[in-house]
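Colleague: Could you take me through one part of this model slowly, and then show me how the rest of the chain is arranged around that topic? I am new to reading structures, so please keep the steps connected.

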Amino acid sequence: METIGIFYGSTYGMTEKVTEKIKKAFGRAKVDVYNLNTASPEDMTKYKNLIFGTSAWGIGEMQDDWEYFIDKLAEIDFSERKLALFGLGDQKEYPESFVDGMGTLYCRLPDKSCVIGQTAIDGYDFYFSLANKDGKFIGLVLDEHHQKNLTDERIKKWVAQLKNEFI
Ligand SMILES: Cc1cc2nc3c(=O)[nH]c(=O)nc-3n(C[C@H](O)[C@H](O)[C@H](O)COP(=O)(O)O)c2cc1C
């Protein structure tokens with residue numbers, strides 16, 4: 001498998017912590033991690049396999065660093081790349097905008113055909129999410145506030161899926 005580049009935006013460090021867990025779950029595969037607040041589009045173009053992570057901030061809002069970065073994605077040719085998304089949220093406090101950050105990130109991608117790593121929506125309790133597309137989440141969904149005990153297993157399963165879907 002080609003090297004993986006993970007790019008995350010994190011306000012209070014929860015997405016950052018989860019990013020490290022995802023990296024570990026890949027085992028011996030080569031994974032580089034970037035905090036988006038110091039990353040550039042050139043950093044992204046080094047990788048054929050990409051993972052983007054964001055938390056959610058209000059109805060439809062991505063984590064701030066993604067808001068600043070998102071237009072720069074137009075500089076990247078995604079046609080020969082694979083991209084997986086993961087999102088953090090809080091399904092009890094924000095059940096009507098659960099993990100909307102990841103949903104908006106997906107909506108604003110210049111090319112969605114490269115996106116892999118969809119997951120089942122079963123096992124979460126929410127009313128509405130922009131990350132729900134045709135009955136599936138468009139990436140991995142984690143809730144460190146109310147389902148922290150499920151995070152490791154969810155990551156393990158998702159990473160096994162990505163190992164089959166990445167280049
Ligand atoms: C002001 C505020 C607004 C939030 N809005 C949402 C939201 O709309 N949907 C959601 O799922 N989570 C929402 N959250 C929860 C965060 O996404 C969650 O705490 C996340 O784990 C933070 O990750 P970070 O520290 O990496 O930024 C919100 C949290 C705060 C404090």
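**A close look, beginning with a loop**

Modeller: D134 lies in the loop between β7 and β8, the latter strand covering residues 136-137. Please keep in mind throughout that this is a predicted model. The phi angle of D134 is near 55°, which is a positive value in a residue other than glycine, and D134 is exposed, with a relative accessible area of 72%. A second residue with a positive phi is V99, where the angle is near 45° and the residue is again not a glycine. V99 is placed in the loop between β4 and α4, but V99 is buried, with a relative accessible area of 1%. The two residues can therefore be put into opposite classes, because buried means under 20% relative accessible area and exposed means over 50%.

From these loops we can turn to the surface, where Y127, F128 and L130 form a nonpolar patch with about 360 Å² of accessible area together. One of them, L130, is found in the loop between β6 (119-120) and β7 (132-133). L130 counts as partly exposed, since its relative accessible area is 34%.

The interior comes next. The largest nonpolar core has 31 residues, and those with the most contacts inside it are F7, M44, F52, W66, L73 and L83. At least two residues of this core are supplied by each of β3 (49-54), α3 (64-69), β4 (82-88) and α4 (100-107), and α4 gives the most, with 3 residues. There is also a second, separate core of 18 residues, which includes I51, A84, W158 and V159. To see what one member of the largest core does, consider L73: leaving out residues up to four places away in sequence, L73 touches M44, F52, W66, F78, L109 and P110.

Helix α3 also holds a residue that is worth following, namely D65. Is D65 buried or exposed? With a relative accessibility of 17%, D65 counts as buried, because the cut-off for that class is under 20%. When its neighbours within four places in sequence are set aside, D65 is in contact with G9, S10, N35, L36 and N37. Of these contacts, N35 is 30 residues from D65 in sequence, while the two C-alpha atoms are 9.0 Å apart in space.

The helix α5, made up of residues 148-165, has 18 residues and reaches 26 Å from its first C-alpha to its last, which is close to the 26 Å expected at 1.5 Å a residue. Its buried residues are T151, R154, I155, W158, V159 and L162, and two of the names in that list, W158 and V159, were met above in the second core. The buried residues of α5 pack against α1 (14-25), β3, β4, β5 (115-116), β6 and β9 (140-142).

Residue K148 brings us to the charged pairs. The structure holds 7 salt bridges, and in one of them K148 is paired with E144, the closest N and O atoms being 3.4 Å apart. K148 is exposed, with a relative accessible area of 52%, whereas E144 counts as buried at 9% relative accessibility. Another salt bridge joins the side chains of D43 and K46, at 3.4 Å from N to O. Here D43 is buried, with a relative accessible area of 15%, and K46 is exposed, with a relative accessible area of 55%.

A further salt bridge is the one in which the side chains of D71 and R108 meet, at 3.8 Å from N to O. This pair links distant parts of the chain, since D71 is in the loop between α3 and β4 and R108 is in the loop between α4 and β5, 37 residues apart. D71 is exposed, with a relative accessible area of 61%, while R108, at 35% relative accessibility, counts as partly exposed. Salt bridges that share partners join E67, D71 and R108 into one network.

Key:
Residues are numbered from 1 along each chain as its sequence is written. This is a predicted model: local features need pLDDT of at least 70, side-chain atom pairs count only at pLDDT 80 or more; totals for chains, interfaces and linings use all residues. Side-chain values use heavy atoms; hydrogens and water are left out. Patches are made of residues with over 30% relative accessible area and no salt bridge: like charges are joined within 9 Å, nonpolar side chains (Val, Leu, Ile, Met, Phe, Trp, Tyr) within 5 Å. Accessible areas come from the Shrake-Rupley method with a 1.4 Å probe; for residues, only the protein chains shown count as cover. A salt bridge is a side-chain nitrogen of Lys or Arg within 4 Å of a carboxyl oxygen of Asp or Glu. Helices (H or I, at least four residues) and strands (E, at least two) are DSSP runs, numbered from the N terminus. Buried means under 20% relative accessible area, exposed over 50%, partly exposed in between (1.4 Å probe, protein chains only). A nonpolar core is a set of buried Ala, Val, Leu, Ile, Met, Phe, Trp, Tyr and Cys residues joined through side-chain atoms within 4.5 Å. Contact means heavy atoms within 4.5 Å. The expected span of a helix is 1.5 Å times one less than its number of residues.
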